[in-house]
Every structure is written in structure tokens, then in C-alpha cells.
Amino acid sequence: RRRIGVLTSGGDAPGMNGAVRAVVRMAIHCDCEAYAVFEGYEGLVNGGNMIRQVHWEDVRGWLSRGGTLIGSARSMAFRERAGRMRAAKNMVLRGIDALVVCGGDGSLTGADVFRAEWPSLLSDLIAAGELTTEQVEPYKVLNIVGLVGSIDNDMSGTDATIGCYSSLTRICDAVDDVFDTAFSHQRGFVIEVMGRHCGWLALMSAISTGADWLFIPEIPPRDGWEDDMCSMITKVGSIGQLNRKERGKRRTIVIVAEGAQDRQLNKISSSTVKDILTQRLGLDTRTTVLGHTQRGGPACAYDRWLSTLQGVEAVRAVLEMTPQSPSPVITIRENKIMRTPLMEAVQATKDVASKIHAKDFAAAMTLRDPEFKE
Ligand code: F6P
């Protein structure tokens, strides 16, 4: 029987448990054995009881559980070749030659490196007397399949990453709550949301809550943005030149992505924005940094079905891969679950990010959307 390992890596995301559950159950359905690797790559390197066989009932009820029940870690050891050799040995000793990795682009790149190195890792293990040629013989090829688990929705080639819609839902709920207290006190609130270098959570939550203004890394505001923001908040709009009070506006919300920056690449922080609103508009303003509440909690319905369908597809991909096929990542595009070469998706993601960091914002946006105009 084939033995398929599954691990979660990088920042946790709602839906990771659904993905693990689907991989485990689909593996068993396909007459394979499923192994959970605990604490991400750290478990692969350390072995022992951090790699355990999992049965159908072991993942019962996991669809609705938040975080990742098999743990996640940023493993320094796996970044070193010596760590990857230990990981390879642990896998061969357990007869595991296929891995489904659920994580962000860094975690998935690590998986692809591991696959490319696999034959040489095995040769080194034999040369070092850690494994015999006979032990290695049945496991000469390593199959790797990626699932993108991240609240940031920051991977090219897929419309949604596992976890992003749960996080978006939590942000919207939090902004709605803040709206109530903002209304009561006629206050402004600057709400900082996660997303690392990606503005998807900020953009989508701003649209979904009707926020007054927004900062995202992908489109740094033009110079003089302070005036633009203040004048938009105080007047204009379809109801004419009335100011904020005259319009009966009692609450003001500005959403700031944690990676937001201006055109000189200076960070635009929530406290800077708060100071501007306070000083220029005399608006009683508070900041709320939503932090890790955005990452915890149960997965929303979308992430439950996405993780389930993608977990099933990941096992199919493992079983259909040939030694020549590039490692795939399971994506969703226009509501269809698909396979995309993992490193193509990672490279496309890097291309966008490097343009953003090179101040070539328009080029970065054009990569995402060829029709983009500033
Ligand atoms: O990638 C997910 C994420 O939550 C980002 O949005 C955020 O920048 C980062 O992880 C926070 O990482 P940590 O939990 O290590 O502080």
C-alpha cells in the first residue's frame, strides 16, 4: 500500500484541518495509508511520534475546527541540507514517498526543493551508511503536491487560498462591531488588517464594509494622499458639498493593510493615519489592530468545501504523477479545482512582489490585470 504523508506549514489558516481530513480520507478511500506529520517540516526532520498513521475516525469533526490540529512550525532545520537528509531518512524508514503540503509559497517552495534533491539525499544517506540500497530501492521517487493554505490570498494562479474567506469574514464582523461604537461616539477608527505584502484582505474587507478609505501595498497612494483622504472623508460625494456632520455621518472607518506603503516605500501605519485624522480633521480617532483574531476560529463554509475538494484532488494528483511531471499545486480558477505547476505559481507570485518592491507598481498591477490603469 502507498503511504501518503500530509503536513501543514507556515502560518495556520482556517480550513487547514478540512484539507488534512480530506487528504486522509481520500488516501484511505484509494487504498493508501495516510500519515500526519506534526509541527510541519519540524516533524519530518525529527521523526519519532511526530509522524503518525492516521485513520478515518481520527479526523472526525475536523471540518469545523480552527487552526491546524497537526500543528505548524517555521522549521530552521529543514532549510539546511542536513535537516532534509534526516527528513528523507524518516520517510524512507516509514515507507512514505508522497507528501501533501498545505502552506504558503515559502513552504511550497521548500517542498519542491526537497523533491528535486530527493535522489541525491538518498545517495548521501546510503554513502553515510544510514540506509541501505535495498531500503531505498522502492522509494526512489518522491511525489509532492501543494495546497495553498494562507489567510493572505497572496498566491498567483489561484483565485482563493484556503483560509482567506474565513479571515475576510472575521474582519468584516470585527469592522461591523467597531462601526457600532464609532457611531455612538461619532469617532473615526483606523483598522489595521493582516495580509503581509498583499492587500487582498484589506481591499475586500473595505468593499464589504463600506469603509471610507483604504491603503494597500499594491497601489501606494499618490503624494499628497493625506489631503485626498481628508477631503473625501469630510465632503464631496453624490450628495453635494455638505461636510461630515451636515451629512449626519457619525462614523468613519479607514482600513490599512499591514504592508501598506507610500511611493517612497515608507510604511503607512495605522497610527500615522490616526494622527492625520485627529490633527487635520479634529476627528476623535482610535486605532484597532485586529491581529491574530483574523487567523483563528472555525473555517467559513467556503473554506470547508474548498479545502475538501482540494484535499481530494491532491491525493488524485499524487497517484497520477509521473517522475517527470512538475510538482503541482492545487488551485481554484473560475470555480474549477485545477492543478498548476507549483513553481510556475510561486514564480508568478514572486514577479508581482518584486515589481511592487521595485516601486514599479503599475507594472506589478499590469501583471495581475493586463487592463490595469492607474
Ligand atoms: O501569512 C499569514 C500572516 O497572518 C500574515 O497576514 C501576517 O503578516 C503574518 O502571518 C503574521 O505572522 P506571525 O503569526 O508569525 O506573527
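Visitor: Hi! Leaving aside its neighbours within four places in sequence, which residues is Phe-215 in contact with?

Guide: Hello! This is a predicted model, and in it Phe-215 is in contact with Pro-221, Val-256, Ala-257, Ala-260 and Ile-268, once those sequence neighbours are set aside.

Visitor: Where is Phe-215 found? And is Phe-215 buried or exposed?

Guide: Phe-215 sits in strand β7, which covers residues 213–215. Phe-215 has 30 other C-beta atoms within 10 Å, and 20 or more is enough to be called buried, so Phe-215 is buried.

Visitor: How far apart are the C-alpha atoms of Phe-215 and Gly-103?

Guide: Their C-alpha atoms are separated by 26 Å, and along the chain the two residues are 112 residues apart.

Visitor: You listed Ala-257 as one of the contacts of Phe-215. Which strand does Ala-257 lie in?

Guide: Ala-257 belongs to strand β8, residues 252–257. Ala-257 counts as buried because 27 C-beta neighbours lie inside 10 Å. Besides Phe-215, the contacts of Ala-257 beyond four places in sequence are Val-193, Gly-195, Gly-199, Ala-202, Ile-216 and Pro-217.

Visitor: What about Ala-257 and Asn-335, how far apart in space?

Guide: From C-alpha to C-alpha they are 27 Å apart, with their positions 78 residues apart in sequence.

Visitor: Ala-202 is on that list too. What does Ala-202 touch, not counting residues up to four places away?

Guide: Ala-202 touches Val-193, Gly-195, Leu-214, Ile-216, Ile-255, Val-256 and Ala-257. Ala-202 is also one of the residues with the most contacts inside the largest nonpolar core, along with Val-6, Val-20, Val-23 and Val-100.

Visitor: How many residues does that largest core have, and which helix gives the largest share?

Guide: The core has 99 residues. Helix α1, residues 16–29, gives the largest share of this core, with eight residues.

Visitor: Let's switch to the ligand. Which residues surround the ligand?

Guide: Around the ligand are Gly-11, Gly-104, Ser-150, Ile-151, Asp-152, Met-194, Gly-195, Arg-196, Glu-258 and Arg-295. By class, this shell splits into four charged, four polar and two nonpolar residues. Gly-195 also turned up among the residues that Ala-202 touches.

Visitor: Now helices. At what angle do the axes of α3 and α4 cross?

Guide: Helix α3 (residues 81–94) and helix α4 (residues 105–127) cross at roughly 80°, and their axes come within 9 Å. Angles of 65 to 115 degrees count as roughly perpendicular, so that is the relation between α3 and α4.

Visitor: Which residues meet there?

Guide: From α3 there are Arg-84, Met-85, Ala-88 and Lys-89, and they meet Phe-114, Glu-117, Trp-118, Leu-121, Leu-122, Asp-124 and Leu-125 in α4. That contact has seven nonpolar and four charged residues, with no polar ones.

Visitor: What about backbone oddities, say the phi of Asp-31?

Guide: Asp-31 has a positive phi of about 65°, although it is not a glycine. Asp-31 is placed in the loop between α1 and β2, and it counts as exposed because it has 9 C-beta neighbours inside 10 Å. Glu-39 also has a positive phi, near 60°, and its place is the loop between β2 and α2. With 19 other C-beta atoms within 10 Å, Glu-39 is partly exposed.

Visitor: Last one: how many helices and strands are there in the protein?

Guide: There are twelve helices and eleven strands. Of the 374 residues, 46% count as buried, and the C-alpha atoms fill a box of roughly 80 × 40 × 35 Å along the principal axes.

How values were computed:
Residues are numbered from 1 along each chain as its sequence is written. This is a predicted model: local features need pLDDT of at least 70, side-chain atom pairs count only at pLDDT 80 or more; totals for chains, interfaces and linings use all residues. A nonpolar core is a set of buried Ala, Val, Leu, Ile, Met, Phe, Trp, Tyr and Cys residues joined through C-beta atoms within 7 Å. A residue is buried if 20 or more other C-beta atoms lie within 10 Å of its own, exposed if 12 or fewer, and partly exposed in between; C-beta atoms are placed from the backbone. Helices (H or I, at least four residues) and strands (E, at least two) are DSSP runs, numbered from the N terminus. Two residues are in contact if their C-beta atoms, placed from the backbone, lie within 7 Å. A residue is near a molecule or strand if its C-beta atom, placed from the backbone, lies within 6 Å of it. Ala, Val, Leu, Ile, Met, Phe, Trp, Tyr, Cys and Pro count as nonpolar, Asp, Glu, Lys and Arg as charged, and the others, Gly among them, as polar. Axes are lines fitted to C-alpha atoms, for helices over the stretch in contact, and angles run from 0 to 180 degrees between N-to-C directions. Angles under 35 degrees count as roughly parallel, over 145 as roughly antiparallel, 65 to 115 as roughly perpendicular and the rest as oblique.
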